[in-house]
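Colleague: Can you walk me through this one? I'd like to hear about the metals, the rings and the sheet.

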Amino acid sequence: MRVTVLGSGSAIPVPERAQNGVLLEGGKGDKSPILIDCGSGVLHKLAHLSVGLEKIRTIFLTHHHLDHMSDLLPLITARWLLGHTQTHVYGPEGTEKLIKNLLDLYEYVKQHTAVHVTELRDGSVIEVEGMKVGCLQTVHSAQNLAYKFENKVVISGDTEPFEKMSEFSNGCKLLIHECSFPDEFKASKHTTPAKLGEVLRSCDVETLVLTHLYPQMEGKEGEIIESVRRGGFKGRVIVAKDLARFEV
Ligand SMILES: [Zn+2]
Ligand SMILES: [Zn+2]
């Protein structure tokens, strides 16, 4: 499976980071890639890849905050202009209403596209594009689901560090976890490095990729990695960059 970080930023822009998005390729058989989250800038980042937009018919939303979904309608529109009208969106409770409301605002998109929605919840397990997908509700200010693909890759979405994430990710190759702020910052419903390291102290994950980085995190890569390790996490730690790729 190939995993590409499309956006490693947050709700506040920095020049080199789009908002949130990850692309997974390599489901069994002739399957399409899966896009997880589609914040501002993700559509543009997709243009850097050889995967055509026409192939991206399956999108998972971790939650409905704008930095995770503001490019969703532009993506659906771009796909329609390329001749592909069907899209399937998976997300937490309320996704059906969100999509309906968005399409009601943009009648011209609604007229030309068909967006199918599946709502998921904590503990849901489904098969999509040849991949088994598990769901875990996280601790955030909006209902957020972390997703696990093929028992190999976990994407946290937004969350405080919490113990269930460690169990959920145990044995995976790659955990892409939000790490919004430095340790000295009082982060409510978001993650700081030392606390994340502590929660993951007994989690067996090969590589932890830190993403959802606020401007306060810029230029502190070494410090951040050191802090996660001091917390107790024993695997490899990487601070995400846009368009970073991982083969698992
Ligand atoms: Zn959020
Ligand atoms: Zn966010």
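What follows is a run of questions and answers on those topics.

Modeller: Ground rules before we start: this is a predicted model, where local features need pLDDT of at least 70, side-chain atom pairs count only at pLDDT 80 or more, and totals for chains, interfaces and linings use all residues. Residues are numbered from 1 along each chain as its sequence is written, chains are lettered from A and ligands numbered from 1 in the order in which they are written, and side-chain values use heavy atoms, with hydrogens and water left out.

Colleague: Which residue bridges the zinc ion (ligand 1) and the zinc ion (ligand 2)?

Modeller: Donors here are N, O and S atoms within 2.8 Å of the metal (3.2 Å for Na, K and Ca), and water is not among the atoms, so sites may look incomplete. The zinc ion (ligand 1) has His63 (NE2), His65 (ND1), His140 (NE2) and Asp158 (OD) at 2.1 to 2.3 Å. The zinc ion (ligand 2) takes Asp67 (OD), His68 (NE2), Asp158 (OD) and His212 (NE2), at 2.1 to 2.2 Å. The two ions lie 3.5 Å apart, and the bridge between them is Asp158.

Colleague: What arrangement do the four donor atoms around the zinc ion (ligand 2) make?

Modeller: Four donors count as tetrahedral if all angles lie between 85 and 135 degrees; four count as square planar and six as octahedral if opposite donors are over 155 degrees apart and all others between 65 and 115, and anything else is irregular. Around the zinc ion (ligand 2) the angles run from 90 to 167°, which makes the arrangement irregular.

Colleague: How many residues apart in sequence are the parts that Asp67 and Asp158 tie together?

Modeller: Helices (H or I, at least four residues) and strands (E, at least two) are DSSP runs, numbered from the N terminus. Asp67 lies in helix α2 (residues 66–69), while Asp158 is in the loop between β10 (153–155) and α6 (163–169), so the parts they tie together are apart in sequence by 91 residues.

Colleague: Is His65 buried or partly exposed?

Modeller: Buried means under 20% relative accessible area, exposed over 50%, and partly exposed in between (1.4 Å probe, protein chains only). His140 comes in at 12%, so that one counts as buried. His65 has 27%, so the verdict for His65 is partly exposed.

Colleague: On to the rings: what kind of aromatic pair do Phe60 and Phe149 form?

Modeller: Rings of Phe, Tyr and Trp (its six-membered ring) pair if their centres lie within 6.5 Å; planes under 30 degrees apart count as stacked, over 60 as edge-to-face and the rest as tilted. Phe60 and Phe149 are 5.7 Å centre to centre with 80° between the planes, and that's edge-to-face.

Colleague: And Phe181 with Phe185, stacked or edge-to-face?

Modeller: Phe181 is buried at 8%, whereas Phe185 is partly exposed at 34%. Their rings sit 4.2 Å centre to centre with 10° between the planes, so by the cut-off of under 30 degrees the pair is stacked.

Colleague: Last one: which strands stand at the edges of the sheet?

Modeller: Two strands pair if DSSP finds at least two bridges between them. Seven strands form an open, mixed sheet in the order β6-β5-β4-β3-β2-β1-β14. The edge strands each have a single partner, so one side of each is left without a neighbour in the sheet: they are β6 (114–119) and β14 (245–247).
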